[in-house]
Amino acid sequence: MVSIATWNVNSVNARLPNLLEWLAGSGPDIVLLQEIKCVDEAFPREAIEDAGYNVAVHGQKSYNGVAILSRAPIDEAMPGLPGDDADEQARYLEASIGGVRVATIYLPNGNPIGTDKFAYKLGWMARLRRHAARLLEDDQPLVLGGDYNVIPEPPDARDPGEWLGDALFQPESRAAFRALLHLGLTEAFRALHPGEGGHYSFWDYQGRAWDRDDGIRIDHLLLSAAAADRLESCVIDKAPRGRPRASDHTPVIVTLRDG
DNA sequence: ATGCCCGGAACGTCCGGA
């Protein structure tokens, strides 16, 4: 069995006590981090290695940044999403770990709609689809986990109407997300919990959204057929969101049976 | 109503987040 988590930590250095506490308690085999908000040199590598994890980082000053933590050795870490040499935002890192291909994804927010930011989001999603299609030509299990910044369906928001004008719930964003699934990828949580609402991975800091459970489900794990065949469970661990100085996102974890 | 929150950069206050 292998457990793989995705977590947008909203600054790995601000969140280091929370992250270390969670690693010590839950300890997934692989953790896909987003929004580390630091350059590679500022990543708290020693503390995380001391917790028993190998580390691969694709950082950026102040914004974005992604990383992969793994109890087993990390092979062939490749930073950056192919398809636009001019894109300097650190939002994608992929690696092989024990015969499983994994990627950590921090998909652009895209707000406000009608701006170059929204165009960048849709362009980034098109690039991700092209790259995922290439990855799927290989038969090894593939897990694409991250903050997709997409609310796939109305049950994935406590109040869908609140998000109608938002880039996370635009028809174009949702269609681009479906296009990823149409490649043959399985969204792990939805596959195991069809039709269920009330499960969220993000609660805004503002307006006491956590206390009111006014959340959205935007952190997803997409599995190739070879990985989906091994899918045992997918859980959203709400506990970290309730801790002091929490990230606004909480981890989502899949477990895959041995292949 | 993007502002009520938060982190980074920086030291006053703005940008970005979702």
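By class, the surface near DNA strand B splits into seven nonpolar, ten polar and five charged residues. Here nonpolar covers Ala, Val, Leu, Ile, Met, Phe, Trp, Tyr, Cys and Pro, charged covers Asp, Glu, Lys and Arg, and the others, Gly among them, go down as polar. That surface is made of 22 residues, with S11, A14, S62, Y205 and G207 the closest; "near" asks for a C-beta atom, placed from the backbone, within 6 Å of the strand.

A quick note on provenance: this is a predicted model, where local features need pLDDT of at least 70, side-chain atom pairs count only at pLDDT 80 or more, and totals for chains, interfaces and linings use all residues. Residues are numbered from 1 along each chain as its sequence is written, while chains are lettered from A and ligands numbered from 1 in the order in which they are written.

Now the strands, which are DSSP E runs of at least two residues, numbered from the N terminus like the helices (H or I, at least four). Strand β14 (residues 252-256) has four of its five residues buried, so the rest of the structure largely encloses it. Buried means 20 or more other C-beta atoms within 10 Å of a residue's own, with C-beta atoms placed from the backbone. Its pairings (at least two DSSP bridges each) look like this:

| Strand paired with β14 | Sense and bridges | One bridge pair |
|---|---|---|
| β1 (residues 2-8) | antiparallel, five bridges | V2 with L256 |
| β13 (residues 231-236) | antiparallel, five bridges | S233 with T255 |

Methods:
A residue is buried if 20 or more other C-beta atoms lie within 10 Å of its own, exposed if 12 or fewer, and partly exposed in between; C-beta atoms are placed from the backbone.
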